[in-house]
Amino acid sequence: MHVFQPYPIESIEIDPFTKLDKEWAEVVTKNGKGANAMTVSWGGFGTMFNKPVATLYVRESRYTRELLDQDGHFSLCFLDEKYKKEMGFLGNVSGRDENKIAEARLHVGLFDDVPYIDEANLVIVCKTIAKTPLPVEDVIDKDYAEKFYPTGDFHNIYICEIEKIYAR
């Protein structure tokens, strides 16, 4: 296991266009067998309800969406570029029927009962505080609706309070 240190929330500087869109992140949730992870590249960081928040977009069909709806606590893990292949795997395979974290040869740790990927260099522990669907019919620019929702599998928007940050 790696050693993580608490990092002050008010000191974090994140470029979401790089961290999420280019480097990606893992949403790590609890499930009945331990933990599940899903790669995300859509999201952001900001303030809501006078709290620091992360915003995530998770498709309705994803197993991770079910797990987020059950518990609400999760970690957002950022890994080095050398794990890009593993992150691609975690984003394309469902954890409903298999332990895809173990299959990717990654390891799980816990911060106060919230799972995280031990190989991460930055872990943000979050709690969902609001959720709303983004149905296809609410996408104003129909070109986006056609491009990103050809089957109607829309996203849910999760607004999540950032509770703690850990860094290696």
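Which residue's charged end sits over the ring of Trp-24? In this predicted model, that's Lys-84, placed 3.7 Å from the ring centre.

## Asn-36 and its surroundings

Strand 3 covers residues 34–40, and Asn-36 is part of it. With a relative accessibility of 2%, Asn-36 falls under the 20% cut-off, so it counts as buried. Its side chain still finds a polar partner: the side chain of Thr-64, at 3.0 Å.

Skip the neighbours within four places in sequence, and Asn-36 touches a fair list of residues, including Val-27, Val-28, Thr-29, Tyr-63, Thr-64, Leu-67 and Lys-100.

## Helix 2

Thr-64 brings us to helix 2, which runs over residues 63–70. Buried here are Tyr-63, Thr-64, Arg-65, Leu-67 and Leu-68. The cover over these buried residues includes strand 3, along with strands 2, 5, 6, 9 and 10.

After the helix comes Gly-72, with a positive phi near 95°.

## Aromatic pairs

Scan the whole structure and you get six aromatic pairs. One of them is Phe-111 with Tyr-166: the ring centres are 3.7 Å apart and the planes sit at 10°, so this pair is stacked. It ties together distant parts of the chain, since Phe-111 lies in strand 7 (residues 108–111) and Tyr-166 in strand 10, 55 residues apart.

Both partners are buried: Phe-111 has a relative accessible area of 14%, and Tyr-166 comes in at 11%. The two also belong to one aromatic cluster with Phe-4 and Tyr-116.

Methods
Residues numbered from 1 in each chain as written. Predicted model: local features only at pLDDT ≥ 70, side-chain atom pairs only at ≥ 80, totals over all residues. Heavy atoms only, no water. Helix = DSSP H or I, 4+ residues; strand = E, 2+ residues; numbered from the N terminus. Buried < 20%, exposed > 50% of the residue type's maximum accessible area, 1.4 Å probe, protein only. Polar contact = N/O pair within 3.5 Å; in protein donor to acceptor, adjacent residues only side chain to side chain. Contact = heavy atoms within 4.5 Å. Phe/Tyr/Trp six-rings, centres within 6.5 Å; stacked < 30°, edge-to-face > 60°. Lys NZ or Arg CZ within 6 Å of the ring centre and 35° of its normal.
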